[in-house]
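Trainee: I should like to take a close look at a single part of this chain and at what surrounds it. Could you take me through one helix and its setting in a connected account?

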Amino acid sequence: LLGRGAFGSVYTASDTEGAGEAVAAKVIEASLMTWEKILYEVRLLSKVAHHEGIIGMHGAHEVANANGRCVVILMELGTSNLLELLTRKSVLAEAEALRMFREVVSAVEFLHTQRIAHRDLKLENLLLKQQDDLSSVVIADFGLAKRCREKTTSSKKVVSSDGEYLPHAKGVDDSAVGTPVYAAPEVVEQKSYGAAVDMWSL
């Protein structure tokens with residue numbers, strides 16, 4: 001067992017359909033989350049997992065179990081997360097911290113160009129693919145991520161090729177989601193918010 005969340009758990013497993021490599025298997029119970037929301041997370045992750053700053057995805061499978069059915073998402077196996085690293089090291093050198101932060105910001109920028117707000121950026125969701133290598137940091141856990149579309153003609157917004165963009169200040173949602181200590185004030189107060197809440201979390 002690698003970790004446990006509100007809607008499922010993550011285990012170490014082997015990808016038997018691939019090269020037998022070790023992977024992280026996220027098991028989401030259908031009894032704890034609607035089937036529509038589970039598939040939504042799978043679709044979002046499959047859309048962005050090719051980016052070097054996003055956790056890789058090997059596939060997703062529907063499995064029957066004692067609770068009915070669940071979905072198993074096979075992902076890259078991280079060596080640790082940033083919280084664990086900081087707990088061990090206490091302090092990072094400035095050059096290390098800058099390198100890590102640059103990688104995370106680049107990945108968040110990519111998500112926003114895909115019109116996706118992560119909404120749960122925190123140390124536990126920033127994984128290291130290589131032990132103690134901060135340049136290998138990737139964003140994980142898209143269970144609360146949301147894709148939003150609005151049309152714009154403004155050149156000052158991050159616009160995709162189809163002319164749609166992710167609202168920055170408001171218009172994505174007004175639900176209080178994520179982890180309170182990392183959440184922007186407008187999320188906690190359940191006011192309309194946009195992609196800027198990801199930047200607050202950073």
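Mentor: The model is predicted, and the chain has a mean pLDDT of 86, with 89% of the residues scoring at least 70. Confidence varies among the elements: strand S9 has the highest mean pLDDT, 96, and strand S11 (residues 150–151) the lowest, 54. Residues 151–156 call for caution, since pLDDT stays under 50 there, and the model has 9 contacts beyond four places in sequence for that stretch.

The chain contains 5 helices and 12 strands. Of its 202 residues, 41% count as buried. Among contacts between residues at least 6 apart in sequence, 55% join residues at least 24 apart.

The part I propose to examine is helix H3, which covers residues 94–113. Its 20 residues reach 28 Å from the first C-alpha to the last, close to the 28 Å expected at 1.5 Å a residue. Just after the helix, Arg115 adopts a positive phi of about 65 degrees.

The buried residues of H3 are Glu96, Met100, Val104, Ala107, Val108, Phe110, Leu111 and His112. In general, residues three or four places apart in an α-helix point the same way, because there are 3.6 residues a turn. The cover over the buried residues of H3 includes helices H1 (35–48), H2 (82–89) and H5 (196–201), together with strands S7 (116–117), S8 (126–128) and S9 (137–139).

H3 also belongs to a wider nonpolar assembly. The largest nonpolar core has 34 residues, and Leu45, Ile54, Leu82, Ile139 and Phe142 are those with the most contacts inside it. H1, strand S5 (68–75), H2, H3, S8 and S9 each give two or more residues to this core. The largest share, 6 residues, comes from H3.

Leu111 illustrates the setting of this helix. Leu111 lies in H3 and counts as buried because its relative accessible area is 0%, under the 20% cut-off. Beyond its neighbours within four places in sequence, Leu111 is in contact with Val48, Ile54, Ile116, His118, Ile139 and Phe142. One of these partners, Ile54, is 57 residues away along the chain, yet the two C-alpha atoms are separated by 9.0 Å.

Another partner, Ile139, extends the picture. With neighbours within four places set aside, Ile139 is in contact with Val104, Ala107, Val108 and Leu111, among others. Its contacts also include Gly53, Ile54, Ile55, His118, Leu121, Asn125 and Leu126.

Two of the covering strands, S8 and S9, take part in an open sheet of 3 strands, with the order S6-S8-S9 and antiparallel pairing. The edge strands are S6 (80–81) and S9, each of which pairs on one side only. S6 and S8 run antiparallel and are joined by 2 bridges. In one of these pairings, Ser80 has Leu128 of S8 as its bridge partner.

Helix H5, also part of the cover, includes Ser201. Ser201 counts as buried because its relative accessible area is 17%, under the 20% cut-off. The side chain of Ser201 reaches the backbone oxygen of Tyr182 at 3.0 Å. Beyond residues up to four places away in sequence, Ser201 touches Leu121 and Tyr182. Leu121 is also among the contacts of Ile139, and Ile139 is in turn in contact with Leu111 of H3.

How values were computed
Residues are numbered from 1 along each chain as its sequence is written. This is a predicted model: local features need pLDDT of at least 70, side-chain atom pairs count only at pLDDT 80 or more; totals for chains, interfaces and linings use all residues. Side-chain values use heavy atoms; hydrogens and water are left out. Helices (H or I, at least four residues) and strands (E, at least two) are DSSP runs, numbered from the N terminus. The expected span of a helix is 1.5 Å times one less than its number of residues. Buried means under 20% relative accessible area, exposed over 50%, partly exposed in between (1.4 Å probe, protein chains only). Contact means heavy atoms within 4.5 Å. A nonpolar core is a set of buried Ala, Val, Leu, Ile, Met, Phe, Trp, Tyr and Cys residues joined through side-chain atoms within 4.5 Å. A polar contact is a pair of N or O atoms within 3.5 Å; within protein, one must be able to donate a hydrogen and the other to accept it, and residues adjacent in sequence count only if both atoms are side-chain atoms. pLDDT is the predictor's confidence in each residue, from 0 to 100. Two strands pair if DSSP finds at least two bridges between them.
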